[in-house]
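Subject: A structure to look at together

Hi,

I am passing on the structure we talked about, so that you can open it and follow along. Please have a look at it first, and then read my notes underneath.

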Amino acid sequence: MLLDTASLYFRAYFGMPESVRAPDGTPVNAVRGLLDFIDRLVRDHRPDELVACMDADWRPEWRVELIPSYKAHRVAEEHAAGPDEEEVPDTLAPQVPVIEAVLDALGIARIGVAGYEADDVIGALATRAKGPVDIVTGDRDLYQLVDDARGVRVLYPLKGVGSLQLTDESWLREKYGVDGGGYADLALLRGDPSDGLPGVPGIGEKTAAKLLAEFGDLAGILAAVGDRTARLTPTQRRRLDESRPYLAVAPKVVRVATDVPVPEHDPALPTGPRDAAALDELAARWNLGGSLERLLTTLGGA
């Protein structure tokens with residue numbers, strides 16, 4: 001089981017009231033909410049291995065060089081050296097180091113790789129896995145990794161993590177008309193304002209799905225632009241032709257990297273804390289209470 005950790009702690013933050021606080025008054029709703037999520041996921045799905053994938057760089061420069069608008073609207077502060085600072089709620093940002101410390105003390109593998117997003121770490125681990133993989137994320141971009149033949153599916157939270165959309169290839173075909181491999185092409189044609197991806201003007205989700213059904217993939221669609229017998233409207237042909245510069249670079253931006261240099265790690269689900277003393281200290285300082293106790297009980301019985 002691969003966790004898109006930031007996606008989950010953002011959901012936990014907005015799903016649990018800020019009145020959940022540490023003794024010093026610091027909100028810990030994201031910390032406790034994430035622990036509750038992990039507890040429920042382990043209880044419901046019983047993974048043998050669990051990895052919390054992190055954004056070491058939420059907006060990699062190599063993606064920005066290709067499409068400068070990529071996530072530009074979410075930049076809080078630019079840095080000449082190192083990743084730009086993402087716009088994060090003031091009361092969430094201080095909780096992220098606490099989340100990292102708690103995961104480490106628990107012994108849950110936590111992986112971020114410099115120059116890459118969590119999506120890329122997930123892509124690398126999912127494609128290298130020898131057994132079935134469940135990806136837990138609120139980011140539809142990761143639908144591109146769905147692969148029935150390899151047992152890779154996405155568990156998309158609808159309400160907390162107790163109600164999950166189990167996304168496999170049959171669900172993707174019914175919803176979008178594509179399989180996992182085709183989802184990235186659909187996404188880049190459609191565009192995504194939340195990620196600063198312009199897409200092709202006039203081509204929304206339904207039109208993108210129809211074009212992919214007709215011509216197979218992005219390469220087939222672009223070949224059709226130059227084929228006057230291909231069934232494209234004059235407006236579609238013109239807009240696709242005008243969008244060639246974007247379409248030349250968008251695949252590298254939209255598709256997750258799978259060649260990430262993932263460090264050595266132990267993904268085994270822990271049955272007890274790696275550092276009990278550190279965990280006790282964190283629990284007392286941050287008022288982790290029942291959330292941590294329930295997770296420890298669940299891990300002990302896993």
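Below is what I found, going from helix packing to a few single residues.

Please keep in mind that this is a predicted model.

**How the helices pack**

Let me begin with some background. A pair of packed helices is described by two things, the angle between their axes and the distance between those axes.

Take helix α8, residues 205–215, together with α9. Their axes lie 8 Å apart, at an angle of about 85°. Since angles of 65 to 115 degrees count as roughly perpendicular, α8 is therefore roughly perpendicular to α9. On the α8 side the contact is made by L211, L212 and F215, and these meet L218, G220, I221 and A224 in α9. Sorted by class, this contact has six nonpolar residues, one polar residue and no charged ones.

Now follow α9 (residues 218–225) to another partner, helix α11, which spans residues 244–254. Here the axes are 12 Å apart and the angle is about 165°. Anything over 145 degrees counts as roughly antiparallel, so α9 and α11 are roughly antiparallel to each other. The crossing of α9 past α11 is left-handed. Which residues of α9 and α11 meet? From α9 they are L218, L222 and V225, and from α11 they are R244, L247 and P251. This contact consists of five nonpolar residues and one charged residue, with no polar ones.

You may have spotted that L218 turns up twice: it is listed in the contact with α8 and in the contact with α11.

**The two sides of α11**

A useful fact for this part is that an α-helix has 3.6 residues a turn, so residues three or four places apart point the same way.

Which residues of α11 are buried? They are Y246, L247, A250, P251, V253 and V254. These residues lie on the same side of α11, because they cover an arc of only 160° around the axis. P245, A248 and K252, on the other side of α11, are exposed. The cover over the buried residues includes α3, α7 (180–190), α9 and α10 (234–242).

**A few single residues**

Is D39 buried or exposed? This residue sits in helix α2, which runs over residues 29–45. Its relative accessibility is 4%, and buried means under 20%, so D39 counts as buried. If you set aside its neighbours within four places in sequence, D39 is in contact with R294, L295 and T298.

P68 belongs to the loop between α3 (61–66) and β3 (75–77). Its relative accessibility is 59%, so P68 counts as exposed. Try finding A184 as well: it is 116 residues from P68 along the chain, and the C-alpha atoms of the two are separated by 19 Å.

Finally, here are two residues with a positive phi. R46 has a phi near 45°, although R46 is a residue other than glycine. You will find R46 in the loop between α2 and β2 (51–53), and with a relative accessible area of 42% it is partly exposed. N287 is not a glycine either, yet its phi is positive, at about 55°. The place to look for N287 is the loop between α12 (276–286) and α13 (289–300). With 33% relative accessibility, N287 counts as partly exposed.

Write back whenever you like, and enjoy exploring!

Best wishes

Methods:
Residues numbered from 1 in each chain as written. Predicted model: local features only at pLDDT ≥ 70, side-chain atom pairs only at ≥ 80, totals over all residues. Heavy atoms only, no water. Axes fitted to C-alpha atoms, helices over the stretch in contact; angles between N-to-C directions. Helix = DSSP H or I, 4+ residues; strand = E, 2+ residues; numbered from the N terminus. Parallel < 35°, antiparallel > 145°, perpendicular 65-115°, else oblique. Left-handed = near helix turned anticlockwise from the far one by under 90°. Contact = heavy atoms within 4.5 Å. Nonpolar A, V, L, I, M, F, W, Y, C, P; charged D, E, K, R; others polar. Buried < 20%, exposed > 50% of the residue type's maximum accessible area, 1.4 Å probe, protein only. Arc of directions from axis to C-beta.
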